[in-house]
Amino acid sequence: MLSTKIEKALNAQIAMEGYASMNYLSMASWCDQEGMEGCARFLYRQSEEEREHMMRLVHYVNEADGKALIPAIKKPQMTYKSVQALFNAVYKSEQKVTAAINEIVALCYTEKDHATLNFMQWYVEEQREEEAMVRGILDRIKLIGGGPQSLYYVDKEVDKINKQLAAAEAAEPEA
Ligand code: OFO
């Protein structure tokens, strides 16, 4: 049984993950239109992942006898000044999500909700990994600089990450 406070916080997190999914989908679509296929692939994948994060929460809330609320999703930004601006926005979004997850974890302690505390540990680790990955992309963008072929090289670098992620997924044991 979830406390009212925990249920409310988890529903707010459902809305946040849902928005992140649509936001990354919009970013992926922009990259596609700009011919950055590697970045588009990366962001389509991130969008799917965020949807999965939302779904985990939906199932958890319902299984815990709460009521998962499916939110209206506000329209995300459709265009970006540069690929650097886009990945800065991804990083900001991830930091915001991390802060929200940390708030839920803190609330779990005050509400003495050990089941939700356990459940949230997966998100804590996921956020750590995602923030590190996006920081890595921003570092590479900085190294490549703003020369005439920079977009080409940024796209190639991000596509390398796609390949690493696909290889890691393929190596995962079947659930
Ligand atoms: Fe939901 O994983 Fe980041 O935001």
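**Entry 1: burial**

I take a residue as buried when its relative accessible area is under 20%. The model I am reading is predicted. By that cut-off I find that buried residues make up 43% of the 175 residues in the chain.

**Entry 2: fold and dimensions**

I looked up the secondary structure and noted five helices and zero strands. Read from the N terminus, the order of elements is α-α-α-α-α. I then compared the radius of gyration, 18 Å, with the globule rule, which gives 16 Å for 175 residues; the two are close, so the chain is as compact as a globular protein of that length. For the overall extent, I recorded a C-alpha trace spanning about 55 × 35 × 25 Å along the principal axes.

I also checked how far apart in sequence the contacting residues lie. Of the contacts with a separation of 6 or more, 79% join residues 24 or more positions apart.

**Entry 3: surface and charge**

I noted an exposed area of about 10,300 Å² for the chain. Carbon and sulfur atoms supply 55% of that area. I then turned to the charges, of which 20 are positive and 27 negative. The mean position of the positive charges and that of the negative charges are 6 Å apart.

**Entry 4: Asp159**

I located Asp159 in helix α5, which covers residues 150-171. Is Asp159 buried or exposed? Its relative accessible area is 14%, so Asp159 counts as buried, given that the cut-off is under 20%.

Leaving out residues up to four places away in sequence, I find that Asp159 touches Gly38 and Arg41. With Arg41 I also recorded a polar contact, made side chain to side chain at 3.0 Å.

**Entry 5: Glu94**

I next examined Glu94, which I found in helix α3, residues 83-110. Its relative accessible area is 2%, and Glu94 is therefore buried.

Which residues are in contact with Glu94, once neighbours within four places in sequence are set aside? I listed Tyr24, Glu50, Gln127, Glu130, Glu131 and Val134. Three of the names on that list, Glu50, Glu130 and Glu131, are glutamates like Glu94 itself. For Glu131 I also looked up the spacing: Glu94 and Glu131 are 37 residues apart in sequence, yet their C-alpha atoms are 6.3 Å apart in space.

**Entry 6: the two acidic residues together**

I set the two residues side by side for the record. Asp159 in helix α5 is buried at 14%, and Glu94 in helix α3 is buried at 2%.

Key:
Residues numbered from 1 in each chain as written. Predicted model: local features only at pLDDT ≥ 70, side-chain atom pairs only at ≥ 80, totals over all residues. Heavy atoms only, no water. Helix = DSSP H or I, 4+ residues; strand = E, 2+ residues; numbered from the N terminus. Rg over C-alpha atoms; globule rule 2.2 N^0.38 Å. Buried < 20%, exposed > 50% of the residue type's maximum accessible area, 1.4 Å probe, protein only. Contact = heavy atoms within 4.5 Å. Areas by Shrake-Rupley, 256 points an atom, 1.4 Å probe, with all protein chains shown as cover. Lys, Arg positive; Asp, Glu negative; His and termini not counted. Charge placed at Lys NZ, Arg CZ, Asp CG, Glu CD. Polar contact = N/O pair within 3.5 Å; in protein donor to acceptor, adjacent residues only side chain to side chain.
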